[in-house]
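Me: I'm new to reading protein structures and would like to know how the labels are earned. Could we go through a few of them together?

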Amino acid sequence: MVVKSELKLIKSLQQKKCRNEHGLFVVEGKKTVEEVVNSSMKVYKLFAIAPSDLEVKDNDVVKVSSKELSQMSSLKNPNGYLGVFHIPNTSNKILSDWTLVLDGVQDPGNLGTIIRLCDWFGISDIICSLDTVDCYNAKVLQATMGSITRVNIQYLDLIEFLKAAKIPVYGTFMNGVSVTTSKLPKKGIMVMGNEGKGISNTVARLCTDRLAIPQFGDVTTESLNVASATAILLHEIRK
């Protein structure tokens, strides 16, 4: 039996302000819960309808009913497994490789996909503007498929961060130089902008270079989805 206060706490973690207040976030789904448990992230509590099916070492799993799980879950149809974890402390790193910067990305699915792409392409650091969607949002976590455990994500004032950068800052623009013909360095910063507005003017002024993805199709197509564009640019970085 899970006490009412605990049900209320876990349900409240669907809100960003409560996640920040308690320093906790929720992950759902067997595979993702197992992956986060087996990472460096610290477990707060694990819940499952069938605890013995959850492959987690040295961790107790609380058995819950379907009703209790639905009271905790953000899903319409909870899938039987839920983990609550401590939000890790992030630290500034020496920029020894490429770093991805996100300026106002709002869609949870886009951020989750971008985190997964960084994991795939070996980009270990993402710097997000303060108005970028929270990486511990349930929809973001679902889209990362566990990659949240392998990518260091920080929310910073982008102006201060970029002003202090000692490496090239590449911004993505419709009128930039084609990324396919550009000679990219071994390390740098790649800035991706908001889904509708692109890179903000204040951030754009701090970009030392402007890149674009060449278009081959109908010129009436306005732009690429930010996650799709990120995939292309990360591939070019790693070529």
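Me: What makes β6 and strand β7 (residues 152-155) a pair?
Reply: Happy to help! In this predicted model, four bridges join β6 to β7, and the two strands run parallel. Pairing takes at least two bridges found by DSSP, so β6 and β7 count as a pair. Within that pairing, I126 stands opposite I153 in β7.

Me: Why is the unit of β6, helix α6 (residues 138-144) and β7 called right-handed?
Reply: Imagine the strands pointing away from you: if the path from the first strand over the helix to the second runs clockwise, the crossover is right-handed. The β-α-β unit made by β6, α6 and β7 is right-handed, which means its path over the helix runs clockwise in that view.

Me: How do you know that strand β5 (residues 99-102) pairs with β6?
Reply: β5 and β6 share three bridges, in the parallel sense. The requirement is at least two, therefore they pair. One of the partnerships is L102 with C128 in β6. From β5 the chain crosses through helix α5 (residues 108-121) to β6, and this β-α-β crossover is right-handed too.

Me: What makes both faces of strand β6 (residues 125-128) covered?
Reply: D125 and I127 lie on one side, I126 and C128 on the other, and all are buried. Buried means under 20% relative accessible area, so each of these four residues falls below that cut-off.

Me: Which residues of helix α3 (residues 30-37) are buried, and what covers them?
Reply: T32, V33, E34, V36 and V37 are buried. Their cover includes β1, β2 and β4.

Technical notes: Residues are numbered from 1 along each chain as its sequence is written. This is a predicted model: local features need pLDDT of at least 70, side-chain atom pairs count only at pLDDT 80 or more; totals for chains, interfaces and linings use all residues. Side-chain values use heavy atoms; hydrogens and water are left out. Buried means under 20% relative accessible area, exposed over 50%, partly exposed in between (1.4 Å probe, protein chains only). Contact means heavy atoms within 4.5 Å.
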